[in-house]
Amino acid sequence: MAGRFAPRPPRTSVRGGEPAVPAGGVPRQASAPGKVRVWVPDGPLELGLVLGPLRRGPGDPTFRTLPDGSVWRASRTPAGPGTLRVTARGGEVRGEAWGPGAEWLLEQLPRMLGAEDDPSAFVPRHRLLALTRHRRPGLRLTRTGLVLESLIPSILEQKVTTLEAYQAWRLLVRKFGEPAPGPAPGRMCVMPSARTWALIPSWEWHLAGVDDKRASTVLRAVRVAARLEEAAGMEPAAAQERLEVVSGIGPWTSAETVQRSHGAPDAVTVGDLHLPGIVGFALGGDRDADDAVMLRLLEPYAGQRHRAARLVLLSGRVPPRRAPRMAPRGIERL
């Protein structure tokens with residue numbers, strides 16, 4: 001009987017043999033010098049504007065901005081986990097990377113910073129957008145080349161407040177991810193692998209505030225993770241079609257994904273609670289605009305509608321609030 005109640009050793013792996021992060025965290029190992037790449041962009045570049053959409057809230061374990069201006073990202077690449085530090089000085093960008101995915105991240109660095117984006121293709125038809133582009137010339141559209149790392153947080157953001165979605169992403173990545181390679185700032189993590197996402201127990205989704213519908217959509221997506229990652233090599237429209245084959249992924253989620261994974265300049269987000277009113281107010285003085293009105297206002301920017309929407313958001317011209325911010329549901333307390 002005494003043996004039945006003896007303390008058990010700490011669990012070090014999840015079902016299937018993959019390492020799990022112990023409650024106290026995995027101590028970081030001394031890191032070797034990282035691999036380095038220096039790249040010179042062909043025009044203005046503002047790191048915060050380009051990489052900002054990849055950050056899922058101020059506590060995102062996979063993204064960190066430091067006071068010295070450096071941006072850190074922890075990613076799960078096709079070659080394995082990797083950490084990337086990016087700095088911009090004197091017209092050149094320096095990337096330093098660690099981990100099995102270091103070389104892949106450095107190879108992808110120019111694309112991630114908008115090397116394949118063409119800001120000159122945008123012709124402003126509204127004075128507000130012309131002024132905003134003039135004031136923020138460093139805006140380029142990022143292209144990560146990674147689908148799942150943008151898809152899963154986008155699914156978590158479906159029909160909930162951003163605070164709820166950011167909390168769910170933070171809790172799940174910290175609990176089931178792994179420490180970022182190299183000398184990453186404290187508590188940075190690489191998101192879980194597809195198999196680990198699939199093995200997360202139902203009660204852990206609940207504790208993170210994720211309802212069954214969103215959790216089930218993530219599980220369906222990770223079961224076909226390889227096929228979805230193949231979409232990184234497709235045109236944005238074709239990639240959206242492939243993503244939307246998965247039940248629970250619609251135009252809103254697929255657009256939010258390819259905006260980041262593909263740098264898609266025309267992937268405008270439809271079905272959003274706030275964006276139509278913001279675009280309608282900024283470009284037409286209509287704060288009650290719906291998707292149809294928003295698309296009509298963005299029609300002159302066909303091929304560049306996502307960039308136009310980004311410039312609207314950067315302009316700061318948003319309708320004043322008419323009601324308090326929506327309160328989080330807090331389903332984890334039920």
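## Close-up views of a predicted model

**View 1. Surroundings of R140.** R140 is located in the loop that connects α3 (127-135) and α4. The model shown is predicted. With a relative accessibility of 5%, R140 falls under the 20% limit and therefore counts as buried. Its side chain forms a polar contact with the side chain of D42, at 2.6 Å. Leaving aside residues up to four places away in sequence, R140 touches D42, G43, P44, L45 and V50. R140 also touches L113, G114, A115, D117 and P119.

**View 2. Helix α4.** This view follows the helix after that loop. Helix α4 spans residues 148-156 and is mostly covered, with 9 of its 9 residues buried. The buried set includes the polar residues E149, S150 and S154. It also contains L148, L151, I152, P153, I155 and L156.

**View 3. The largest nonpolar core.** The largest nonpolar core consists of 34 residues. Within it, the residues with the most contacts are L151, L172, W197, W205, V210 and V218. Two or more residues of this core come from each of α4, α5 (162-176), α8 (212-223), α9 (225-229) and α10 (236-243). A second core, separate from this one, has 20 residues, among them F63, A102, L106 and L109.

**View 4. Contacts of L151.** L151 is one of the buried residues of α4 and is among those with the most contacts inside the largest nonpolar core. Which residues does L151 touch, not counting residues up to four places away in sequence? They are A221, L228, L243, I249, T253 and T257.

**View 5. The five-stranded sheet.** An open sheet holds 5 strands in the order β1-β5-β4-β3-β2, and the pairing is antiparallel. β1 (35-39) and β2 (63-65) are the edge strands, each pairing on one side only. On average, neighbouring strands of the sheet are turned by 20° against each other, direction ignored. Helix α2 (residues 102-112) lies across β1, β3, β4 and β5, and runs at about 15° to β1.

**View 6. Strand β4 and its two hairpins.** Strand β4 (residues 80-89) has 8 of its 10 residues buried, so the rest of the structure largely encloses it. Strand β3 (residues 71-77) runs antiparallel to β4 and is joined to it by 7 bridges. These two strands, β3 and β4, make a hairpin with 2 residues between them, and T77 stands opposite G80 of β4. Strand β5 (residues 92-98) is likewise antiparallel to β4, with 7 bridges joining the two. The hairpin of β4 and β5 also has 2 residues between its strands, and G90 in the turn has a positive phi of about 55°. Along this pair, L84 has A97 of β5 as its bridge partner, and V86 has G95 of β5. In a regular strand, side chains alternate between the two faces of the sheet.

**View 7. The whole chain, for orientation.** The chain contains 14 helices and 7 strands. Of its 334 residues, 47% are buried. Among contacts with a separation of 6 or more, 67% are between residues 24 or more positions apart. The accessible surface of the chain is about 16700 Å², with 55% of it belonging to carbon and sulfur atoms.

Terms used
Residues are numbered from 1 along each chain as its sequence is written. This is a predicted model: local features need pLDDT of at least 70, side-chain atom pairs count only at pLDDT 80 or more; totals for chains, interfaces and linings use all residues. Side-chain values use heavy atoms; hydrogens and water are left out. Helices (H or I, at least four residues) and strands (E, at least two) are DSSP runs, numbered from the N terminus. Buried means under 20% relative accessible area, exposed over 50%, partly exposed in between (1.4 Å probe, protein chains only). Contact means heavy atoms within 4.5 Å. Accessible areas come from the Shrake-Rupley method with a 1.4 Å probe; for residues, only the protein chains shown count as cover. Two strands pair if DSSP finds at least two bridges between them. Axes are lines fitted to C-alpha atoms, for helices over the stretch in contact, and angles run from 0 to 180 degrees between N-to-C directions. A nonpolar core is a set of buried Ala, Val, Leu, Ile, Met, Phe, Trp, Tyr and Cys residues joined through side-chain atoms within 4.5 Å. A polar contact is a pair of N or O atoms within 3.5 Å; within protein, one must be able to donate a hydrogen and the other to accept it, and residues adjacent in sequence count only if both atoms are side-chain atoms.
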